[in-house]
Amino acid sequence: MLARTCRDEVLEAAHELAARSVDGSFTAEEVVRLLIGRGSTFVESTIRTHVVSRMCVDAPAHHAVRYPDLTRDGGGRYRLVDAAQRIGTSVAPLTVGTSDTSRGDEELLPEVPAGSSTVQRQAETAILDGLADLLGYEVIPTRLHLAGGEYVDVDGVNHAPPTLVEAWAHQGPPKGGQKQKVLADALKLIHVGRELGGHHRLILCFSDEQAARSFRPEARTWYAAALKAHHVDVLVVDLSAEWRERIRIAQQRQFR
């Protein structure tokens with residue numbers, strides 16, 4: 001009998017959580033809690049990496065071998081690819097490839113066409129990966145439940161050290177309405193940090209210096225001063241030239 005892989009366990013947990021969920025979606029943290037609670041031999045970081053990267057069709061291609069099992073549903077939630085296709089969610093097409101591992105059924109994922117609806121979502125994942133390298137620890141998309149009974153989806157969360165992150169993949173200077181989106185993200189961070197209690201590092205993470213410039217502490221804008229007063233850090237993660245071009249093309253096609 002073949003030993004069960006982490007992928008096997010994650011798939012089993014994903015099917016179970018999807019069946020329990022009202023809309024068939026689930027979070028990486030829910031998968032981790034379920035498997036660790038059942039005594040999985042895989043550590044939390046391995047399970048989480050399988051959900052958010054190795055098994056997710058929307059994640060950047062950081063691994064030589066990836067599996068087309070899950071798709072990101074927004075707000076840090078995921079669903080099984082076959083379920084997403086049944087409800088009409090866009091899922092990147094797949095091609096079968098080979099790898100240097102011993103398994104013969106592994107599928108490699110192609111690049112998602114520039115301008116598709118998944119480009120910004122993929123880019124946000126790349127931004128969080130880059131931020132993790134900068135911080136020295138992971139930040140994972142998470143749905144947080146607050147004391148009043150409401151919930152909020154945060155792009156990146158770590159509980160030790162306490163960190164809340166909102167990411168923005170936009171390239172170039174923001175237009176008027178786009179600034180409001182960033183400021184709404186900042187308000188979310190401030191509110192959630194206060195609701196959770198303790199001292200959370202609050203981070204607005206950009207992937208372009210021009211996009212971030214008017215929000216930086218040295219900028220002479222009222223909202224830059226407000227962010228500084230509320231201890232919201234503004235950081236920029238460098239993306240590759242290829243990523244930047246893909247985002248720009250997507251913005252042009254989407255008239256952003």
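Me: Let's start in the middle of the fold. In which sense do strands β6 and β7 pair, and over how many bridges?

Reply: The general idea is that strands of a sheet pair through backbone hydrogen bonds, either parallel or antiparallel. Here, in what is a predicted model, β6 (residues 162-168) and β7 pair in the parallel sense, with 6 bridges between them. If you want one pair to click on, take Val165, whose bridge partner in β7 is Ile203.

Me: Which helix goes with β6 and β7 in a β-α-β unit, and what is its handedness?

Reply: That's helix α6, residues 176-196, and the β-α-β unit it makes with β6 and β7 is right-handed.

Me: And what does β7 pair with on β8's side, in which sense?

Reply: β7 pairs with β8 itself (residues 232-236), in the parallel sense, over 5 bridges. Phe206 is a handy marker there, standing opposite Val236 in β8.

Me: How many of the residues of β7 are buried?

Reply: Strand β7 spans residues 201-206, and 5 of its 6 residues are buried. Keep in mind when you look at any strand that, in a regular one, the side chains alternate between the two faces of the sheet.

Me: Now zoom out. What is the strand order of the 5-stranded sheet?

Reply: Read it as β4-β5-β6-β7-β8, an open sheet with mixed pairing. β4 and β8 are the edge strands: each has a single partner, so one side of each lacks a neighbour in the sheet. Between neighbouring strands the average turn is 40°, ignoring direction.

Me: Where does an antiparallel pair come in, say between β4 and β5?

Reply: β4 and β5 (residues 151-159) run antiparallel and share 5 bridges. Ile140 and Val157 of β5 stand opposite each other.

Me: How should I read Asp233 in β8?

Reply: Start with exposure, then look at who is around. Asp233 sits in strand β8 and is partly exposed, because its relative accessibility is 28%, between the 20% and 50% cut-offs. Beyond its sequence neighbours within four places, Asp233 is in contact with Arg201, Leu202, Ile203 and Leu204. With Arg201 there is a side-chain to side-chain polar contact of 2.7 Å. Leu204 shows how the fold brings sequence positions together: Asp233 is 29 residues away from it along the chain, yet their C-alpha atoms are 6.1 Å apart.

Me: What about the 3-stranded sheet: what is its order and pairing?

Reply: The order is β1-β3-β2, open, and the pairing is antiparallel. β1 (26-27) and β2 (70-74) are at the edges with a single partner strand each, so each has one side with no neighbour in the sheet. Helix α1 (residues 6-20) packs on this sheet, touching β1, β2 and β3, and makes about 100° with the direction of β3. β1 and β3 (residues 77-80) are joined by 2 bridges, with Phe26 opposite Tyr78 in β3.

Me: Is Glu9 in helix α1 buried or exposed?

Reply: Glu9, which lies in α1, is buried, because its relative accessibility is 12%, and the cut-off is 20%. Its side chain makes a 2.7 Å polar contact with that of Ser40. Apart from sequence neighbours within four places, Glu9 is in contact with Arg4, Leu35, Ser40 and Phe42.

Me: Which residues of helix α2 are buried?

Reply: First the rule: an α-helix has 3.6 residues a turn, so residues three or four places apart point the same way. In α2 (residues 28-37) the buried ones are Ala28, Glu29, Val31, Val32, Leu34 and Leu35. Their cover includes α1, β1, α3, β3 and β4. After α2 comes Gly39, with a positive phi near 85°.

Me: Which backbone spots have unusual angles, such as the peptide bond of Ala160 and Pro161?

Reply: Most residues other than glycine have a negative phi, and most peptide bonds are trans. Ala160 and Pro161 are joined by a cis peptide bond, with omega about 5°, and Pro161 is in the loop between β5 and β6. The other spot is His231, a non-glycine residue with a positive phi near 60°. His231 is found in the loop between α8 and β8 and is exposed, at 60% relative accessibility.

Me: Last one: how many disulfides are there?

Reply: A disulfide is a covalent bond between the sulfur atoms of two cysteines. Searching the whole structure turns up 0 disulfides. Cys6 is buried at 4% relative accessible area, and Cys56 is buried at 2%.

How values were computed:
Residues are numbered from 1 along each chain as its sequence is written. This is a predicted model: local features need pLDDT of at least 70, side-chain atom pairs count only at pLDDT 80 or more; totals for chains, interfaces and linings use all residues. Side-chain values use heavy atoms; hydrogens and water are left out. Buried means under 20% relative accessible area, exposed over 50%, partly exposed in between (1.4 Å probe, protein chains only). Helices (H or I, at least four residues) and strands (E, at least two) are DSSP runs, numbered from the N terminus. Two strands pair if DSSP finds at least two bridges between them. A crossover is right-handed if, with the strands pointing away from the viewer, the path from the first strand over the helix to the second runs clockwise. A disulfide is a pair of cysteine sulfur atoms within 2.5 Å. Contact means heavy atoms within 4.5 Å. A polar contact is a pair of N or O atoms within 3.5 Å; within protein, one must be able to donate a hydrogen and the other to accept it, and residues adjacent in sequence count only if both atoms are side-chain atoms. Axes are lines fitted to C-alpha atoms, for helices over the stretch in contact, and angles run from 0 to 180 degrees between N-to-C directions.
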